[in-house]
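Visitor: Hi! Could you walk me through this protein?
Guide: Happy to; let's look at it together.

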Amino acid sequence: RLHPLMLRVVLLVASCASTAAFSLSGPASLTRAVASSASVAPLRASLAAPSRRAVHMAAGVTMELKGIEKAKQAAGYKSVDDHVTSGMVVGLGTGSTAYFAVERVGQKLASGELKDIICIPTSERTREQAESLKIPLCTLNEKSVLDVAIDGADAVDPNFALIKGGGGALLREKMVEVMAKKFICIVDDTKLCSGLGPSFALPVEITPFCHMHTLRTIAALPELAGCEAVLRTGDCSNNK
């Protein structure tokens with residue numbers, strides 16, 4: 001469900017072969033625009049250096065990207081190239097695909113292509129990455145309305161409903177992204193599914209206070225008959 005302030009949602013889906021953009025304008029109308037080979041080619045060319053290697057600025061190392069990681073990079077870079085301009089307030093998402101969007105913002109700031117932007121991270125992990133790239137940061141306390149927010153998703157169904165928050169940053173992601181005039185959702189094609197649920201469990205963020213009571217209460221809901229409520233204790237870096 002779109003917040004009244006959210007004027008436009010764009011879903012970027014990348015595979016090793018192509019990139020597609022799905023634009024949702026307002027809560028009712030849906031349009032789909034698939035990027036042509038001509039529009040995707042410049043992006044591929046920009047990612048394919050002579051050595052066919054990509055630089056991870058945050059880690060300070062050079063490593064080769066192949067397969068799904070290259071697709072994630074394509075989606076992350078294109079989201080920034082197409083939707084972030086100088087002077088904007090930008091929400092920075094969390095996750096393995098959003099990582100590349102943050103990386104791209106840092107690259108374009110360092111090169112001077114972007115100026116006078118300020119970003120709001122949706123997790124401590126993203127904050128640390130952004131700081132390492134010298135990206136100016138603030139919080140919703142300083143900027144309550146964002147021009148654009150960029151983040152990934154854990155699953156996308158044919159109606160473009162999303163599961164988000166599997167990485168453990170659900171609350172911050174929702175608070176930041178709901179205040180964006182435009183939300184860019186970037187995923188690789190492995191996140192597309194026929195229906196939400198089987199491919200990725202639905203995250204529900206709760207307060208630690210009496211969390212076992214809350215778990216039992218949620219599990220007892222009639223709508224969840226046949227489902228199992230499990231306390232997530234994994235690592236935010238691997239969505240488990």
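Guide: Let's begin with a term: a disulfide is a pair of cysteine sulfur atoms within 2.5 Å. This is a predicted model, where local features need pLDDT of at least 70, side-chain atom pairs count only at pLDDT 80 or more, and totals for chains, interfaces and linings use all residues. Residues are numbered from 1 along each chain as its sequence is written, and side-chain values use heavy atoms, leaving out hydrogens and water.

Visitor: OK, how many disulfides does a search of the whole structure find?
Guide: Zero. Take cysteine 138: its nearest cysteine sulfur belongs to cysteine 119 and is 8.3 Å away.

Visitor: And is cysteine 138 buried or exposed?
Guide: Cysteine 138 counts as buried because its relative accessibility is 9%. Buried means under 20% relative accessible area, exposed over 50%, and partly exposed in between, using a 1.4 Å probe and protein chains only. Cysteine 210, at 42%, counts as partly exposed.

Visitor: New topic: how many helices and strands does the protein have?
Guide: It has six helices and 11 strands. These are DSSP runs numbered from the N terminus: helices are H or I with at least four residues, strands are E with at least two.

Visitor: Tell me about H3. How many of its residues are buried?
Guide: Of its 14 residues, 12 are buried, so H3 is mostly covered. Among them are Ala98, Glu103, Arg104 and Lys108. After H3 comes glycine 112, with a positive phi near 90°.

Visitor: Which aromatic rings pair up?
Guide: The structure holds one aromatic pair. The rings of tyrosine 99 and phenylalanine 100 are edge-to-face, because their centres are 5.4 Å apart and their planes are at 90°. Rings of Phe, Tyr and Trp (its six-membered ring) pair if their centres lie within 6.5 Å; planes under 30 degrees apart count as stacked, over 60 as edge-to-face and the rest as tilted. Phenylalanine 100 counts as buried, at 1% relative accessibility.

Visitor: Which residues touch the most other members in the largest nonpolar core?
Guide: Leu92, Val105, Ile135 and Ile150 do, in a core of 25 residues. A nonpolar core is a set of buried Ala, Val, Leu, Ile, Met, Phe, Trp, Tyr and Cys residues joined through side-chain atoms within 4.5 Å. Helix H3 (98-111) and strand S8 (148-151) are among the elements that each supply at least two of its residues.

Visitor: Any other core?
Guide: A second, separate core has 16 residues, including Ile120 and Met179.
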